[in-house]
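Q: I should like to learn how to read the features of a protein model that is new to me. Where may we begin?

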Amino acid sequence: MRILLHACCGPCLLEPYDALAESAHVAVCYANPNIQPREEYERRRDTLLAYARTRSIEVTEVPYDPERWVQAVRGLEDDRMRRCRACYRLRLAMVAEEAAHGGYDAVATTLSVSPYQDQDGIRSAGEEACAEAGVAFFFTGFRNRFPEATRRSRELGMYRQNYCGCAFSAVDAAQERATRKAARQR
Ligand code: SF4
């Protein structure tokens, strides 16, 4: 079985890749037009590529096109759940298209390793996107592997971002950090 694994960043790649590679041939697709700004997109990509080189993992990059993401979430900016689902849908559609062209059997994603992501939303976005492209979506909930992914990425000295990806998530994350800091100082 050949799986094209959508990867959002290096730390999230570690555990899903190893789990899937036990029983399938796995290649990776970096398709993340949601990441802002460009420097951050490149930093996450380069972290992933550096790790992939150490394991001889094949990686395809879908060219960065943030405008496509802006169009995909237009009108949903203030509705986090719907915005995130549109974001998953776009990224997984990009990977599904690559998978169909490349003759892969299925698409999977590292997004489900994160406890901060919407598992049902990932599953439905992946199923819809893959059905359209004519490939299978192989959903696996990797959340139980998050602690190990965190440990390994720290041990490897990988860059670990502190927000999900889009500018909205950067603002939310900064506010949450400020709130936690204020609570500690009380
Ligand atoms: S918070 Fe993350 S998943 Fe949601 S829209 Fe932003 S980048 Fe996409």
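**Reading the model step by step**

A: This is a predicted model, and we may begin with the ligand. The residues around the ligand are Asn34, Trp69, Arg83, Cys84, Cys87, Tyr88, Arg91, Gln117, Cys164, Gly165, Cys166 and Ser169.

Q: Which helix gives the largest share of the shell around the ligand?

A: Helix α4, residues 80–102, provides that share, with 5 residues. By class, the shell holds 6 nonpolar, 4 polar and 2 charged residues.

Q: How does one find empty space in a model, and what is the space taken by the ligand?

A: Empty space is revealed by rolling a probe the size of a water molecule over the atoms. In this structure, the ligand takes up the space of the largest pocket, which holds about 990 Å³. Among the 40 residues lining this pocket, Ser114, Tyr116, Asn162, Tyr163 and Cys164 are the closest to its centre.

Q: Which elements give two or more residues to the lining of the largest pocket?

A: They are α1, α4, α6 (146–155) and α7 (167–185). The most comes from α4, with 7 residues. The lining as a whole divides into 19 nonpolar, 10 polar and 11 charged residues.

Q: How should the packing of two helices be described?

A: Two packed helices are described by the distance between their axes and the angle between them. Here, helix α1 (residues 10–21) and helix α2 (residues 38–55) have axes that come within 9 Å and cross at roughly 35°.

Q: Which residues of α1 and α2 meet?

A: From α1, Gly10, Leu13, Leu14, Tyr17 and Asp18 meet Arg44, Leu48, Tyr51 and Arg55 of α2. This contact has 5 nonpolar, 1 polar and 3 charged residues.

Q: What should a reader look for in the backbone?

A: Most peptide bonds are trans, and most residues other than glycine have a negative phi. Two places in this structure deserve attention on that account. The peptide bond from Gln36 to Pro37 is cis, with omega near -10°; Pro37 belongs to the loop between β2 (25–30) and α2. Ser56, a residue other than glycine, has a positive phi near 55°, and Ser56 lies in the loop between α2 and β3 (59–61).

Conventions: Residues numbered from 1 in each chain as written. Predicted model: local features only at pLDDT ≥ 70, side-chain atom pairs only at ≥ 80, totals over all residues. Heavy atoms only, no water. Axes fitted to C-alpha atoms, helices over the stretch in contact; angles between N-to-C directions. Helix = DSSP H or I, 4+ residues; strand = E, 2+ residues; numbered from the N terminus. Contact = heavy atoms within 4.5 Å. Nonpolar A, V, L, I, M, F, W, Y, C, P; charged D, E, K, R; others polar. Near = heavy atom within 4 Å. 1 Å grid on protein atoms, 1.4 Å probe; cavity = no way out; pocket = protein on both sides within 12 Å on 5 of 7 lines; lining within 4 Å. Sits in = over half its atoms within 2 Å of the grid points. Points joined across faces, edges and corners; volume = space filled by probe spheres on them.
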